[in-house]
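Dear colleague,

I am handing over the structure we spoke about, together with notes on what was found in it. Please look through the sequence and the model before reading on.

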Amino acid sequence: MRAQAAPYDGPVPNVTRADAAQAVRNPLAFIAERWTPSPRTVQRAALAALVMAVLIVVTGGAVRLTGSGLGCPTWPKCTDDSLTATGAMGVHGVIEFGNRMLTYVLCAAVGWAIIAARSQKPYRRSLTRLGWTQFWVVMSNAVLGGVVVLVGLNPYTVAAHFLLSTALIAVATAMWQRTREGDDAPRPLVGKPVRQMTWILVAATVLLIAVGTVVTGAGPHAGDSSEVKRIPLDWENVTKLHAVLAWIVVTLAFALWFVLKAVDAPTGPLHRTRDLFLVLLAQGTIGYVQYFTDLPEVLVGFHMFGSCLVWIATLRVLLALRERPEVVAELPGQSTQSALSRT
């Protein structure tokens, strides 16, 4: 068992020329040798990455709902002659370019999560891998976002763009949860039938989100004021299918909560399932109101934010069904100190 070094969040020591050369060769190892973040710092870094993953979805929705999807008509530059938005492009150019710039903030948040995970003592490879997975998903989605612009907001690429953002949120949620756990093998807190039921709930939620992207692709908010191709499906019928799936997810969540109560499950899974049920009710209310009020942009934006919360809440239910106790390792001399303090 490795001893856990005391957290150190103080100033970084002076860097020599040899240190600088080492930093260039392996910057993460260089930082890890000189900085040991506290567990709370690592948790905050993971949470920051998750918050930014949700924010990039919400601002991406704002781009579409304001008709600014082609505010920057090309990629990676904003125009053929300018890297940034110009005054002639108006507010649409500012909104689209601002969303692109937020990708760099997201990269910074993910980078902080990677550095914090890599510097934690003892080193936890699982956390670092989750951080790097987020990084590559962000890079892939940035390229896909460029493709979305280059193909004129094709609804199928827009749907893929959103689904890849949903995958990013899943990885970020898993990392945030893992920062509050140990590295022991997971121990289930409920029986196999309950776990299987939860996986059905997760699958139904994925299907709900996927059909939601089809509703968007077939609906009136095309993302730009010009003529944009839509998915050739009856929007009313797809919306009704989306509503049916939402009721299935709500029913599964309530049934899971009832089963957890019946088997006297620990409070963790119970509370997470209750939270999911409440989020689903709020999201369903917004969905019905926006449907009967002809899809006002503000409510559609709240509905997109709600879909992120539903996905996070569903994953938290799944992750709450097991525990990974944290192994607390004593530093040399601590056992003697502890024994003296007990006498």
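Trp-235 may serve as a starting point, a residue that is buried, with a relative accessible area of 19%. Please keep in mind throughout that this is a predicted model.

Trp-235 forms an aromatic pair with Tyr-291, and the two rings are stacked, at 6.0 Å centre to centre with 25° between the planes. The pair links distant parts of the chain, since Trp-235 belongs to helix 8 (residues 235-262) and Tyr-291 to helix 9 (residues 267-292), 56 residues apart. Tyr-291, unlike its partner, counts as partly exposed because its relative accessible area is 26%, whereas buried means under 20%. Both residues also belong to one aromatic cluster, which they form with Tyr-288 and Phe-292. In total, there are seven aromatic pairs.

Two other rings have a charge over them. The charged end of Arg-118 sits over the ring of Tyr-123, 4.8 Å from its centre, and Arg-180 lies over the face of Trp-176, at 4.2 Å from the ring centre.

Turning to the chain as a whole, the protein has 11 helices and two strands, which follow one another along the sequence as α-α-α-α-α-α-β-α-α-α-α-β-α. Of its 343 residues, 43% are buried, and the chain exposes about 17900 Å², of which carbon and sulfur atoms supply 66%. Among the contacts between residues at least 6 apart in sequence, 78% join residues that are at least 24 apart.

The interior is best described through its nonpolar cores. The largest nonpolar core has 38 residues, and among these Val-57, Leu-106, Ile-169 and Met-175 touch the most other members. At least two residues of this core come from each of helix 3 (39-65), helix 4 (90-119), helix 5 (125-150), helix 6 (155-178), helix 7 (192-218) and helix 10 (297-319), and it is helix 3 that gives the most, with 10 residues. A second, separate core of 29 residues includes Ala-218, Ala-265, Leu-270 and Val-317.

Which residues is Met-175 in contact with, leaving aside its neighbours within four places in sequence? They are Ala-46, Ala-113, Ala-117, Leu-127, Leu-130, Gly-131 and Gln-134.

With best regards

Methods: Residues are numbered from 1 along each chain as its sequence is written. This is a predicted model: local features need pLDDT of at least 70, side-chain atom pairs count only at pLDDT 80 or more; totals for chains, interfaces and linings use all residues. Side-chain values use heavy atoms; hydrogens and water are left out. Helices (H or I, at least four residues) and strands (E, at least two) are DSSP runs, numbered from the N terminus. Buried means under 20% relative accessible area, exposed over 50%, partly exposed in between (1.4 Å probe, protein chains only). Contact means heavy atoms within 4.5 Å. Accessible areas come from the Shrake-Rupley method with a 1.4 Å probe; for residues, only the protein chains shown count as cover. A nonpolar core is a set of buried Ala, Val, Leu, Ile, Met, Phe, Trp, Tyr and Cys residues joined through side-chain atoms within 4.5 Å. Rings of Phe, Tyr and Trp (its six-membered ring) pair if their centres lie within 6.5 Å; planes under 30 degrees apart count as stacked, over 60 as edge-to-face and the rest as tilted. A charge sits over a ring if NZ of Lys or CZ of Arg is within 6 Å of the ring centre and within 35 degrees of the ring normal.
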